[in-house]
Amino acid sequence: MTKQLLISLLVFSSLHAEDISPEELNSIYIEAILFVTVFGLMSVASFFISRRHARQNALKESLKRSQDEIRENSQTTSSDKPNDSSDKTTRVEELSKMLNDGLITDEEFQTLKSVSK
């Protein structure tokens, strides 16, 4: 299929008018196919690398928000202490879900869990 597309392009090009030998024409086909293959592979690799970086940035932002929430919760007044136990439980559940989803490592989980207590 790619060869048929390239043949149709060569018909309209000056290369066809120069009476290229079949060996040279075959070499041009191979180079063109390799170029398209390399370009496609680079596009796919770029897509996956971009997704990985997006996940890492989302994780960093989530951890930053979590740390900000923990700091805010630690600055609460003593009248808010009865609600703290349910907030802590909810926070630990959120952290364990993040750990299970692979968003944080076990070390980060332990650190965030100890800070939230």
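Which residues make the nonpolar surface patch of about 360 Å²? Here are a few friendly notes on that point and on the aromatic rings, bearing in mind that this is a predicted model.

1. The patch is made by Phe35, Val36 and Phe39. Together they give a nonpolar surface of about 360 Å², so a look at the two Phe residues in turn seems a good way in.

2. Phe35 sits in helix α3, which covers residues 22–74. Its relative accessibility is 57%, and Phe35 therefore counts as exposed, since the cut-off for that class is over 50%.

3. Phe39 is in helix α3 as well, four residues from Phe35, or about one turn of the helix. With a relative accessible area of 54%, Phe39 is exposed too.

4. On ring contacts, the count comes to two aromatic pairs. One of them joins Phe35 and Phe39: the ring centres are 6.4 Å apart and the planes meet at 20°, so this pair is stacked. The centre distance falls within the 6.5 Å limit for a pair, and planes under 30 degrees apart count as stacked.

5. What about the geometry of Phe47 and Phe48? These two form an edge-to-face aromatic pair, at 5.4 Å centre to centre with 75° between the planes. The angle fits the rule that planes over 60 degrees apart are edge-to-face.

6. As for cover, Phe47 is partly exposed, at a relative accessible area of 46%. Phe48 is also partly exposed, and its value is 49%. Both classes follow because partly exposed lies between the buried limit of 20% and the exposed limit of 50%.

Terms used:
Residues numbered from 1 in each chain as written. Predicted model: local features only at pLDDT ≥ 70, side-chain atom pairs only at ≥ 80, totals over all residues. Heavy atoms only, no water. Patch = residues over 30% accessible without salt bridge, like charges linked within 9 Å, V, L, I, M, F, W, Y side chains within 5 Å. Areas by Shrake-Rupley, 256 points an atom, 1.4 Å probe, with all protein chains shown as cover. Salt bridge = Lys/Arg side-chain N within 4 Å of Asp/Glu carboxyl O. Helix = DSSP H or I, 4+ residues; strand = E, 2+ residues; numbered from the N terminus. Buried < 20%, exposed > 50% of the residue type's maximum accessible area, 1.4 Å probe, protein only. Phe/Tyr/Trp six-rings, centres within 6.5 Å; stacked < 30°, edge-to-face > 60°.
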